[in-house]
Amino acid sequence: MIRQHLRFDIDEIKRQVRPYDFYSKEQSINRFGYSSRGWLTAGLCPFHEDSSIGSFKIHEESGAYICFSCGIKGGDVIDFLQNKYNLSFKEAIAKLKDEWRIV
Ligand SMILES: [Zn+2]
């Protein structure tokens, strides 16, 4: 039952939290530039001391992210929160639900 709830939460998060909006909120500098195949330049990388805007990219549809300077990458916004704030999977889900008012 608990697993089913988690599955539901994940589906709702993917349905309601648009990666573009999520990263706009998370990133202190928002300089989005469009590139090919849905990858957007998202400004400074939050995972290392970054000074070259353009190394951190996110995928518009999936929320996947990658930094071409430090090499960190992940598959979605949940994964991003886990990495950035050192959260467990469940904690990241709870944070997203809270911040995006998903019930
Ligand atoms: Zn980086």
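The zinc ion in this predicted model has four protein donors, Cys-45 (SG), His-48 (ND1), Cys-67 (SG) and Cys-70 (SG), at 2.0 to 2.3 Å. Donors here are N, O and S atoms within 2.8 Å of the metal, or 3.2 Å for Na, K and Ca, and water is not among the atoms, so sites may look incomplete. The angles among the 4 donor atoms run from 102 to 121°, and the site is tetrahedral, a label that requires all angles of four donors to lie between 85 and 135 degrees. For reference, the ideal angle for four tetrahedral donors is 109.5 degrees.

In sequence, the spacing of the donor residues is C-x2-H-x18-C-x2-C. Cys-45 sits in the loop between strand E2 (39–41) and strand E3 (56–59), and Cys-67 in strand E4 (residues 65–67), so the pair ties together parts 22 residues apart in sequence. Strands are DSSP runs of at least two residues, helices (H or I) of at least four, numbered from the N terminus. Cys-45 is buried, at 4% relative accessible area, and Cys-67 is buried at 2%; buried means under 20% (1.4 Å probe, protein chains only).

Now the helices. H2 (residues 19–26) packs against H3 (residues 77–85) at about 15°, axes 11 Å apart; axes are lines fitted to C-alpha atoms over the stretch in contact, with angles from 0 to 180 degrees between N-to-C directions. That makes the two roughly parallel, meaning under 35 degrees. Among the contact residues are Phe-22 and Tyr-23 of H2 and Phe-80 and Leu-81 of H3, contact being heavy atoms within 4.5 Å.

On conventions: residues are numbered from 1 along each chain as its sequence is written, and side-chain values use heavy atoms, without hydrogens and water. Local features need pLDDT of at least 70, side-chain atom pairs count only at 80 or more, and totals for chains, interfaces and linings use all residues.

Key: Four donors count as tetrahedral if all angles lie between 85 and 135 degrees; four count as square planar and six as octahedral if opposite donors are over 155 degrees apart and all others between 65 and 115; anything else is irregular. Buried means under 20% relative accessible area, exposed over 50%, partly exposed in between (1.4 Å probe, protein chains only). Angles under 35 degrees count as roughly parallel, over 145 as roughly antiparallel, 65 to 115 as roughly perpendicular and the rest as oblique.
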